[in-house]
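Here are my notes for anyone opening this model for the first time. Have the view ready and follow along point by point.

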Amino acid sequence: MREVLAEFETASGARPAFRVEVADTPELRERGLMHRRSLDPDRGMLFVFPRDEVQSFWMKNTFVALDMLFVSSDGRVVGVVENARPLTLESRSVGVPSRYVVELPAFTARERGIQTGARLSITALP
């Protein structure tokens, strides 16, 4: 699976970056991080959707607790779901249109200062 560098610019000026796998087809978005037993602290997944819409996620067959960062097409974080519990069918959304969702290990957003208003930039990896 293709990987990119996802870097956030926080309100404090910090620039935490993560190597993320890209889920940009319906099949890859549906599978997401299912069946993974672990996720390194600097890793995650970037979900890319065709347009800005209210996105909703579940944790079916996902064993790792996650933060979900919802990002609009202009690169602005519009909401964060923190510590989504594994193996649940509960729908998680921030109720605001987004084009991208970045999933990171639980509590990473808080620990790295990533919150609503942060900016996301995506860079191809060699």
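**Notes on side-chain contacts and a cavity**

1. Let's start with the aromatics: Phe47, Phe49, Phe57 and Phe70 come together as one aromatic cluster. Keep in mind throughout that this is a predicted model. Across the structure there are 4 aromatic pairs.

2. Take phenylalanine 47 and phenylalanine 57 from that set. Their ring centres are 4.9 Å apart and the planes make an angle of 80 degrees, so this pair counts as edge-to-face. It joins distant parts of the chain, with phenylalanine 47 in strand E3 and phenylalanine 57 in the loop between E3 and strand E4 (66-71), 10 residues apart. As for exposure, phenylalanine 47 and phenylalanine 57 are both buried.

3. Phenylalanine 57 also pairs with phenylalanine 70, again edge-to-face, with 6.0 Å from centre to centre and 85 degrees between the planes. Phenylalanine 57 sits in the loop between E3 and E4 while phenylalanine 70 belongs to strand E4, so this contact ties together parts that are 13 residues apart in sequence. Is this pair buried or exposed? Phenylalanine 57 and phenylalanine 70 are both buried.

4. One more ring is worth a look, this time with a charge on top. Arginine 37 places its charged end over the ring of phenylalanine 63, at 3.7 Å from the ring centre.

5. Now for the salt bridges, of which the model has 8. One of them joins arginine 43 to glutamate 3, where the closest N and O atoms are 2.1 Å apart. Arginine 43 is part of strand E3 (residues 43-54) and glutamate 3 is part of strand E1 (residues 3-9), so the bridge ties together parts that are 40 residues apart in sequence. Arginine 43 has 24% relative accessibility and counts as partly exposed.

6. Which residues are linked with Arg43 in a network of salt bridges? They are Glu3 and Arg19. When you click on the bridge from the previous point, bring up Arg19 as well, since it belongs to that network.

7. Another salt bridge runs between arginine 15 and glutamate 9, with 3.0 Å between the closest N and O atoms. Both ends are partly exposed: arginine 15 has a relative accessibility of 42%, and glutamate 9 has 37%.

8. Arginine 92 and glutamate 90 meet through their side chains in a salt bridge of 3.8 Å, N to O. Why is arginine 92 counted as buried? Its relative accessibility is 6%, and buried means under 20%. Glutamate 90, by contrast, is partly exposed, with a relative accessible area of 44%.

9. Last stop, the empty space. How many cavities of 30 Å³ or more turn up in a search of the whole structure? There is 1, and the largest cavity has a volume of about 30 Å³.

10. To find that spot on screen, select the lining of the largest cavity: Leu33, Arg36, Ser38, Leu39, Thr62, Val64 and Leu66. This lining divides into 4 nonpolar residues, 2 polar and 1 charged. Among the nonpolar ones are Leu33 and Val64, while Arg36 is the charged one.

Terms used: Residues numbered from 1 in each chain as written. Predicted model: local features only at pLDDT ≥ 70, side-chain atom pairs only at ≥ 80, totals over all residues. Heavy atoms only, no water. Salt bridge = Lys/Arg side-chain N within 4 Å of Asp/Glu carboxyl O. Helix = DSSP H or I, 4+ residues; strand = E, 2+ residues; numbered from the N terminus. Buried < 20%, exposed > 50% of the residue type's maximum accessible area, 1.4 Å probe, protein only. Phe/Tyr/Trp six-rings, centres within 6.5 Å; stacked < 30°, edge-to-face > 60°. Lys NZ or Arg CZ within 6 Å of the ring centre and 35° of its normal. 1 Å grid on protein atoms, 1.4 Å probe; cavity = no way out; pocket = protein on both sides within 12 Å on 5 of 7 lines; lining within 4 Å. Points joined across faces, edges and corners; volume = space filled by probe spheres on them.
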